[in-house]
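Let's take a relaxed look at a few backbone and helix details. Have the sequence and the 3D view ready.

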Amino acid sequence: MSEIIEVKNLTKKFGDFVAVDDISFEVNKGEIFAFLGPNGAGKSTTIKMLTTLLTPTQGTLTLDGHSVMKDSNAVRHSFGIVFQDPSLDDELTAYENMDLHGVLYRVPKALCKERIKQLLTLVELWDRKDNYVKEFSGGMKRRLEIARGLLHHPKILFLDEPTLGLDPQTRNHMWSYINDLNKSEGITVFFTTHYMEEAERIAGRIAIIDHGKIIASGTATELKSKTNTKSLEEAFLALTGKVIRDEEVGKVDRMRMMHSAWTKK
Amino acid sequence: MKTIYILWLRQLKRYFRSKSRMIGSLAQPLFFLLSLGYGFGPVFKQAGEGNYIQFLVPGIIGMSIIFTSIFSGMEIIWDRQFGFLKETLVAPVSRFNIMIGRTIGGATVATLQGTLVLLISFLIGFKPMNWSLIPVAIVVMLLSALLFTAMGTAIASKLDDMQGFQLIMNFLVMPLFFLSGAIFPLASAGILGKIANFDPLSYGVDALRSLLSGITHYGLATDFGILAIITIAFLALGSYFFSKIQI
């Protein structure tokens with residue numbers, strides 16, 4: 001199998017703080033790969049670097065054969081992403097959000113129309129296509145974002161805590177959908193989550209990052225036998241310790257609070 | 001090209017869909033027009049400066065343009081953490097096109113807003129000097145709106161927190177408005193008149209006043225020249241800062 005994501009000696013510093021410290025890993029084509037770690041371990045920073053939103057301090061990143069820094073346009077064509085915070089336009093309808101994505105990725109108009117119908121039907125939002133996104137629940141927004149992330153037929157799908165705040169029904173539904181997609185289309189999935197049972201059930205391979213370093217990687221079974229534990233959750237705790245991380249309330253969290261107060265109807 | 005168009009269209013859709021925002025941002029200029037216009041009108045006349053409504057309306061149009069433009073430029077702060085900006089930044093389109101699309105969209109909205117204020121002012125007795133110059137006045141509005149949307153974008157690209165927003169409103173937008181000669185004649189304002197020379201809004205307001213009411217301080221050619229230069233400078237600055245945004 002060939003590698004579709006290659007990370008070599010990746011480092012990101014913010015001032016004196018080393019968020020990601022010299023990590024290397026590969027993800028194979030068609031794999032479902034989980035990237036786990038406690039709060040503030042460097043997961044989101046890594047995803048942001050992989051998706052061209054943040055420039056690494058050091059190291060090389062290759063996605064689908066293209067260098068992320070040098071050939072960012074080709075890289076951007078090759079992946080779809082669902083962010084931790086919704087990145088939909090609330091004032092537009094579900095259909096308009098999809099359509100805008102199609103224009104940004106230069107999907108030919110007729111094909112775009114066809115795919116929008118197909119994808120919205122798949123995530124069960126076709127009958128709500130003309131509703132404003134601001135009327136949608138958290139789960140519906142997530143589903144719409146997944147549909148949107150797939151519109152340009154990416155080879156890799158990044159999911160940054162895609163099930164955060166979703167009920168078990170929606171979570172289940174979402175994962176079975178992503179699983180099917182991985183099987184039928186061969187899309188590589190790279191995701192982060194705090195739900196260990198999710199990672200154990202879905203992911204082929206898992207990497208655990210803490211304090212900016214990858215401290216373990218392998219299949220769930222390998223991680224369990226390595227730590228002599230019965231579940232991935234125990235393995236995770238054995239590897240990362242039980243100390244609760246004091247994540248300082250950063251600007252983003254403060255804005256997240258303001259944002260939710262602001263958008264409440 | 002299509003990217004610019006679709007992002008422009010998005011700004012317009014957002015504007016026409018949020019009726020409360022539209023009405024809210026029309027109420028403020030209306031209060032200014034009514035209270036200042038009727039309140040200071042008699043004093044202005046006694047001082048031999050003529051009809052205050054004729055003087056004030058271009059200034060209030062300028063106010064509504066600077067507020068709407070800077071605000072829509074600064075929406076980026078919000079958008080970059082939670083909103084739609086991330087979706088555009090990971091898309092295979094150039095940062096420059098994204099910035100231009102957003103800026104032209106924001107500027108179009110501000111121009112519409114300015115035009116609405118002009119329409120409202122007809123109701124309270126404003127009479128344009130020459131109806132055929134109104135399209136030219138709208139061009140001036142668009143030029144000023146581009147300038148301030150780009151300024152908002154430039155500032156927002158450097159701030160990563162909403163906390164700075166209030167600061168910008170109080171220490172940049174308010175002074176720019178009050179020092180621009182929007183509500184008083186610059187010629188008799190002494191030191192304030194000198195300070196106003198450094199305020200880009202002064203030239204926008206003066207150009208509007210010259211076209212709509214036939215009153216000018218700098219002269220229309222100077223106004224246009226300076227506005228054009230500063231607009232280009234801020235568009236360049238805004239797109240440079242925007243291209244450097246990291247999330």
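With 13 C-beta neighbours inside 10 Å, A:Glu124 counts as partly exposed (20 or more other C-beta atoms within 10 Å would make a residue buried, 12 or fewer exposed, and anything in between is partly exposed, with C-beta atoms placed from the backbone). This is a predicted model, where local features need pLDDT of at least 70, side-chain atom pairs count only at pLDDT 80 or more, and totals for chains, interfaces and linings use all residues. Residues are numbered from 1 along each chain as its sequence is written, while chains are lettered from A and ligands numbered from 1 in the order in which they are written.

Most residues other than glycine have a negative phi. Here are two with a positive one:

| Residue | Phi | Loop in chain A | C-beta atoms within 10 Å |
|---|---|---|---|
| A:Glu124 | near 60° | between α4 (109-122) and α5 (138-150) | 13 |
| A:His153 | about 50° | between α5 and β7 (156-160) | 14 |

Helices here are DSSP runs (H or I, at least four residues), and strands are too (E, at least two), numbered from the N terminus.

How do α3(A) and α4(A) cross, left-handed or right-handed? The crossing is right-handed (the near helix is turned clockwise from the far one by less than a right angle; anticlockwise would be left-handed). Residues touching there include A:Tyr95 and A:Met98 of α3(A) and A:Ile116 of α4(A) (contact puts C-beta atoms, placed from the backbone, within 7 Å).

Over in chain B, α6(B) is mostly covered, with 19 of its 25 residues buried.

Technical notes
Two residues are in contact if their C-beta atoms, placed from the backbone, lie within 7 Å.
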